[in-house]
Amino acid sequence: MAAALEGIRVLDTSTVIAGPFGAALLGDFGADVLKVEMPGKGDSGRNMGPLYEKKSLRWASFARNKRSITLDLRKEEGKDIFLKLVAQSDIIIENFRTGTFDKWGLTYGTLKKANPKIIVIRITGYGQTGPNKKLAGFGTPATAFSGLTYMTGYPDRPPVNPPISLCDYVAGLYTAYAAMVCIHHRDQTGEGQEVDLSLYEGIFRMLEGAVANYDIAGQITERRPSISGSASPSGTFKTRDGKWVVLVCSTDRTFEYFAKGIGREDLLADARFNTNGARVKNNSLVEEIVIDWMGKHDYKDIKATLDEAGAPVSLVYSMEDIFEDPHYAAREDIVEVPYSEFGKIKMPGVVPKLSATPGEIKWAGPKLGQHNKEVYEELVGLNDKDLEALKEKGII
């Protein structure tokens, strides 16, 4: 069975998270991803924590399904080799500071001359235009710039940043999305194009409610530990046995399920609670009811009661909970892959799950330059003597 993206070649020159994650998503579905890394150094993602025995535990998944080659794009001979690869590729992903590729002589015009159909995806902190275009792009400042950090946490405490590089991973999703949009356009017209993707805009695109709330109502969406002002009850609650659970009733129907499930059908006839708008206005009263009920029951009973009633509730899962959960196992959300550094390693499975062309993890992150010989022989026509000479010059 052919993979969904078989025949698509990606030159992943990006580093750290956003670009590499987007390229890995494409690789999961069969794209030939060539991980282009600086000789001797490689992607700094190779050294990102968490670490075990001074080795990155992330790299195995960061670079899965990719073929690693080394190439110094700053040197003329390295640039010439790169352009030969461009001529046989579909997509370039780069996340250097705005103007860096141009400084190296790899302008869009140059890339397009090598391959008129090439798609170039440029990822930066703030985009290729605007006053901030030259600034360094990192996920945590970008999250703050997006407006999300301001709204996250408790109103009486400092804003809270996500515990993962959310902006980077969301930008990686948009990278894969943009690649597919551009491939479709190219298939229709024969034309490649440039993609200007910033870290912060992927998150900002999701804040549509807060944008409209400020524009029309003049209200700034403030911090609160739940869906901001749009649903009640919504939040994290503690059970009698000390577990934390999340409950959300974002529609009147789900609140009806909840009220009936806990034996409080009287709430459905009370004007303070019978519509979501009323509950939001009286959220403190709603929370008192939820807190009281949760505090009198153990999690196991709460879960059974609300699942049967149809009210959405979940334990706040730790990674230990996830590893032990039968649903994660049934969905193959965690897969074990052979890995040179530790023998084997577990990582998230392929998402989404396609019926006709399912994705696959063929191998974990490769060693630096592991595929130099096969790629340069296959695509550039270099022999062992050529490769040794390039290595001596520091080009590969």
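1. Let's start with one strand, β10, in this predicted model. Strand β10 has two faces: V245 and L247 form the covered one, while W244, V246 and V248 form the uncovered one. If you read those residue numbers in order, you will see a pattern worth remembering. In a regular strand, side chains alternate between the two faces of the sheet.

2. Now place that strand among its partners. Strand β10 belongs to an open sheet of three strands, with the order β9-β10-β11 and antiparallel pairing. Strands β9 (234-238) and β11 (313-315) are at the edges and have a single partner strand each, so one side of each is left without a neighbour in the sheet. On average, neighbouring strands here are turned by 25 degrees against each other, direction ignored.

3. How is β10 joined to its two partners? Towards β9 there are five bridges, and the two strands run antiparallel. One residue to look up in β9 is S234, whose bridge partner in β10 is V248. Towards β11, three bridges join the strands, again with an antiparallel run; here β10 covers residues 244-248. L247 has V313 as its bridge partner in β11. Helix α13 (residues 299-309) packs on this sheet, where α13 touches β10 and β11, and the direction of α13 makes about 155 degrees with that of β11.

4. Have a look at the hairpin of β9 and β10 too. Five residues lie between its strands, and G242 takes a positive phi near 80 degrees there. You will meet another glycine with a positive phi just after helix α6: G147, at about 105 degrees.

5. The second sheet to find is an open one of six strands, with parallel pairing and the order β5-β2-β1-β6-β7-β8. Its edges are β5 (66-70) and β8 (194-198); each has a single partner strand, so one side of each is left without a neighbour in the sheet. From one strand to the next, the twist averages 20 degrees. As an example of the pairing, strand β2 (residues 32-37) runs parallel to β5 and is joined to β5 by five bridges. In that pair, V33 stands opposite K66 of β5.

6. Which helices lie across this six-stranded sheet? Helix α7 lies across β6 (91-94), β7 (119-124) and β8, and runs at about 160 degrees to β8. Helix α16 (residues 372-380) lies across β1 (9-12), β2 and β5, and runs at about 85 degrees to β5.

7. Helix α7 also has a helix partner worth a close look. Two packed helices are described by the angle between their axes and the distance between the axes. For α1 (residues 18-28) and α7, the axes come within 7 Å and cross at roughly 45 degrees. The two helices are therefore oblique to each other. Their crossing is right-handed. To see the meeting residues, select A18, F21, G22, L25 and L26 in α1; among the residues they meet in α7 are Y169, G172, L173, A176 and M180.

8. Helix α6 (residues 139-146) shows nicely how a helix can have a buried side. Its residues G139, A142, T143 and S146 are buried. They cover an arc of only 105 degrees around the axis, which puts them on the same side of α6. An α-helix has 3.6 residues a turn, so residues three or four places apart point the same way. And what do the buried residues of α6 pack against? Their partners are α7 (166-189) and α8 (199-204).

9. Two threonines make a friendly exercise in judging exposure. T140 is in helix α6, and at 47% relative accessibility T140 counts as partly exposed. T254, found in helix α10 (residues 252-261), is buried, with a relative accessible area of 15%. What is T254 in contact with, leaving aside its neighbours within four places in sequence? Look for C249, A311 and P312.

10. Finally, step back to the whole protein. Its secondary structure comes to 17 helices and 13 strands. The C-alpha atoms fill a box of roughly 80 × 50 × 40 Å along the principal axes. Of the 396 residues, 42% are buried. Among contacts with a separation of 6 or more, 67% come from residues 24 or more positions apart.

Terms used:
Residues are numbered from 1 along each chain as its sequence is written. This is a predicted model: local features need pLDDT of at least 70, side-chain atom pairs count only at pLDDT 80 or more; totals for chains, interfaces and linings use all residues. Side-chain values use heavy atoms; hydrogens and water are left out. Two strands pair if DSSP finds at least two bridges between them. Helices (H or I, at least four residues) and strands (E, at least two) are DSSP runs, numbered from the N terminus. Axes are lines fitted to C-alpha atoms, for helices over the stretch in contact, and angles run from 0 to 180 degrees between N-to-C directions. Contact means heavy atoms within 4.5 Å. Buried means under 20% relative accessible area, exposed over 50%, partly exposed in between (1.4 Å probe, protein chains only). The arc is that of the directions from the helix axis to the C-beta atoms. Angles under 35 degrees count as roughly parallel, over 145 as roughly antiparallel, 65 to 115 as roughly perpendicular and the rest as oblique. A crossing is left-handed if the near helix is turned anticlockwise from the far one by less than a right angle, and right-handed if clockwise.
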